[in-house]
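Biologist: I am new to this one. Could you show it to me and explain the terms as we go?

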Amino acid sequence: TKDGLQKAPTERFPEYIGIDIVKGNLVDRIMNAHDMRFEDGSFDVVVSTSALEHDTDPFVTMAEIRRVMKVGGWLFLTVPGWKGCGPHCEQDYWRFLEDGVRLLMGNVGLQIIELIEVENDVMALGRKR
């Protein structure tokens with residue numbers, strides 16, 4: 001694009017919607033994940049990678065993620081583990097253990113299908129029942 005930002009990979013994922021709190025690559029809509037402007041049950045798949053560490057309240061965001069997922073929908077989540085390096089931007093609040101991710105997902109009733117620690121990240125695959 002003229003501003004140097006990439007567009008979402010619409011050929012492979014025609015219904016992809018990227019959100020962030022600031023304008024950036026692959027961001028289609030600017031919004032706070034604490035209050036996503038989507039109807040309940042809008043998405044079959046939600047992907048959150050390296051985002052919750054920048055969130056002032058990841059519990060609120062996780063509830064919003066569950067709300068916008070369809071029943072039977074999938075969540076792919078990655079967060080930095082406690083062994084990760086220090087902050088990499090001004091708003092960098094959290095590091096996660098597997099138990100913390102289990103708590104985040106369990107508090108909103110997401111079923112954990114897989115939960116693993118790989119190098120310095122915790123990765124989870126969850127499903128909305």
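Modeller: Gladly. A polar contact is a pair of N or O atoms within 3.5 Å; within protein, one must be able to donate a hydrogen and the other to accept it, and residues adjacent in sequence count only if both atoms are side-chain atoms. This is a predicted model, in which local features need pLDDT of at least 70 and side-chain atom pairs count only at pLDDT 80 or more, while totals for chains, interfaces and linings use all residues. Residues are numbered from 1 along each chain as its sequence is written, and side-chain values use heavy atoms, with hydrogens and water left out.

Biologist: What makes the link between the side chain of Asp-55 and the backbone nitrogen of Asp-57 a polar contact?

Modeller: The side chain of Asp-55 reaches that nitrogen at 2.8 Å, and the limit is 3.5 Å. Asp-55 lies in the loop between strand 3 (43–49) and helix 1 (58–68); helices (H or I, at least four residues) and strands (E, at least two) are DSSP runs, numbered from the N terminus.

Biologist: How do you know that Asp-55 has no salt bridge?

Modeller: A salt bridge needs a side-chain nitrogen of Lys or Arg within 4 Å of a carboxyl oxygen of Asp or Glu. For Asp-55, the nearest side chain of opposite charge, Arg-95, is 13 Å away. Lys and Arg count as positive and Asp and Glu as negative, with His and the chain ends not counted.

Biologist: And what does Arg-95 pair with?

Modeller: Arg-95 forms a salt bridge with Asp-92, their closest N and O atoms being 2.9 Å apart.

Biologist: Why is Asp-92 called buried?

Modeller: Buried means under 20% relative accessible area, exposed over 50%, and partly exposed in between (1.4 Å probe, protein chains only). Asp-92 has 14%, so Asp-92 is buried. Arg-95 has 27%, and is therefore partly exposed.

Biologist: What makes Lys-70 and Asp-44 a salt bridge?

Modeller: Their closest N and O atoms are 3.6 Å apart, and the limit is 4 Å. This pair links distant parts of the chain, with Lys-70 in strand 4 and Asp-44 in strand 3, 26 residues apart.

Biologist: How far apart in helix 1 are Arg-67 and Glu-64?

Modeller: They are 3 residues apart, which means about one helical turn. Their side chains meet in a salt bridge at 2.8 Å, N to O, and Asp-40 joins both in a network of salt bridges.

Biologist: Why is Val-47 called exposed?

Modeller: Val-47, in strand 3, has a relative accessible area of 55%, so Val-47 passes the 50% mark and is exposed.
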